[in-house]
Amino acid sequence: MNLEEKIALHRRMADGYRDAYLQQGVKDGATYDGWKFATDAIYSSPYFTGDDVINLGEISGGADASLILTAMADSAIREAKAYSVTFPDWKLVDYATWAAENGYVARVRWEGHTRAGVKMGFYSTTFIETNDAGEIRHWQTFVNDEEYGPFLEVAIGKRGPFKGHLEYMELVDKLLKDNGLA
């Protein structure tokens with residue numbers, strides 16, 4: 001891919017992420033257009049995984065890139081469903097993205113109202129780095145605990161930061177099970 005093709009791909013990836021959440025479609029299975037993972041893809045987040053850097057091929061059951069995409073989509077679906085239990089209108093409300101030759105950065109504002117009408121929201125920042133084939137090789141997420149912590153306490157019963165890659169998703173899965181959604 002030449003430079004223009006790489007930047008166009010990264011814009012499409014960013015737009016695919018935005019569009020899936022903007023319509024609240026992720027909880028119903030919508031995926032992100034243009035996203036493909038390298039077999040050696042990794043994920044890290046000081047908030048969601050602590051010091052752990054997660055080998056996505058390893059946790060998705062193998063180094064097959066399609067399994068990584070399926071596992072990441074499943075995690076996103078579960079998270080969106082869990083947040084929607086308390087925040088039925090939870091969605092992306094503002095989105096800024098910057099595409100580059102090696103990936104993109106996005107700053108997202110998420111908001112929703114509890115069933116009692118209380119509005120809560122937070123920002124997240126995502127960094128996506130791709131390889132020469134346009135496959136995601138490194139994905140990072142950052143959030144601010146001042147806003148996200150109180151949101152999570154209401155949404156799933158506990159705020160982070162979390163340790164390792166299992167703690168957060170175990171809380172999400174418990175909430176889904178407790179509400180008959182798992």
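A charge sits over a ring if NZ of Lys or CZ of Arg is within 6 Å of the ring centre and within 35 degrees of the ring normal. I kept that rule at hand for my first entry. I also noted that this is a predicted model.

**Entry 1: charges over a ring**

I looked up Tyr123. Arg107 lies over the face of Tyr123, and I read 4.0 Å from the ring centre. Then I checked Arg109. Its charged end sits over the ring of Tyr123 too, 4.7 Å from the centre.

**Entry 2: aromatic pairs**

How many aromatic pairs does the structure hold? I found 28 aromatic pairs. I picked out Tyr21 and Trp110, which form one that is edge-to-face. Their centres are 4.8 Å apart, with 85° between the planes. Planes over 60 degrees apart count as edge-to-face, so the label fits.

Where do the two residues sit in the chain? Tyr21 is in helix α1, residues 3-22. Trp110 is in strand β4, residues 103-113. The two are 89 residues apart, and the pair links distant parts of the chain.

I checked burial next. Tyr21 has 5% relative accessibility, so it counts as buried. Trp110 is buried as well, with a relative accessible area of 3%.

I stayed with Trp110 and found Phe122 beside it in my notes. The ring centres of Trp110 and Phe122 are 6.4 Å apart. Their planes meet at 25°, so this pair is stacked. I noted that Trp110 in strand β4 and Phe122 in strand β5 (residues 119-130) are 12 residues apart. This pair also links distant parts of the chain. Phe122 is buried, with a relative accessible area of 3%.

**Entry 3: helix α1**

I went back to the helix that holds Tyr21. Helix α1 has 20 residues. From its first C-alpha to its last I read 28 Å, close to the 28 Å expected at 1.5 Å a residue.

At the start of α1, I looked at Asn2. A side-chain oxygen of Asn2 reaches to within 3.0 Å of the backbone nitrogen of Glu4. I then listed buried residues of α1, among them Ile7, Leu9, His10, Met13, Tyr17 and Tyr21. Lys6 is on the buried list too. After α1 comes Gln24, whose phi is positive, near 55°.

**Entry 4: helix α5**

I turned to helix α5, residues 167-178. Helix α5 has 12 residues and reaches 17 Å from first C-alpha to last. That is close to the 16 Å expected at 1.5 Å a residue.

Which residues of α5 are buried? I found Tyr168, Met169, Leu171, Val172, Leu175 and Leu176. Why do they line one face of the helix? I looked down the axis: the buried residues fall within an arc of 155°, so they line one face. A general rule helped me here. An α-helix has 3.6 residues a turn, so residues three or four places apart point the same way.

On the other side of α5, I found Glu170, Lys174, Lys177 and Asp178 exposed. Just after α5, Gly180 takes a positive phi of about 70°.

**Entry 5: Lys81**

I looked up Lys81 in helix α3, residues 65-86. Lys81 has a relative accessible area of 32% and is partly exposed. Leaving aside neighbours within four places in sequence, Lys81 is in contact with Lys27 and Leu176. Leu176 is one of the buried residues of α5. I also checked Asp173: it is 92 residues from Lys81 along the chain, yet their C-alpha atoms are separated by 9.8 Å.

**Entry 6: Ser45**

Is Ser45 buried or exposed? Ser45 is buried, with a relative accessible area of 1%. I placed Ser45 in the loop between β1 (37-44) and β2 (53-55). Its side chain reaches the backbone nitrogen of Phe48 at 3.2 Å. Not counting residues up to four places away in sequence, Ser45 touches Gly50 and Thr141.

**Entry 7: Asn55**

My last stop was Asn55, in strand β2. Asn55 is partly exposed, with a relative accessible area of 34%. Asn55 touches Ala41 and Ile42, again not counting residues up to four places away in sequence. I then looked at Asp89, which is 34 residues from Asn55 along the chain. Their C-alpha atoms are separated by 32 Å.

Methods: Residues numbered from 1 in each chain as written. Predicted model: local features only at pLDDT ≥ 70, side-chain atom pairs only at ≥ 80, totals over all residues. Heavy atoms only, no water. Phe/Tyr/Trp six-rings, centres within 6.5 Å; stacked < 30°, edge-to-face > 60°. Helix = DSSP H or I, 4+ residues; strand = E, 2+ residues; numbered from the N terminus. Buried < 20%, exposed > 50% of the residue type's maximum accessible area, 1.4 Å probe, protein only. Expected span 1.5 Å × (residues − 1). Arc of directions from axis to C-beta. Polar contact = N/O pair within 3.5 Å; in protein donor to acceptor, adjacent residues only side chain to side chain. Contact = heavy atoms within 4.5 Å.
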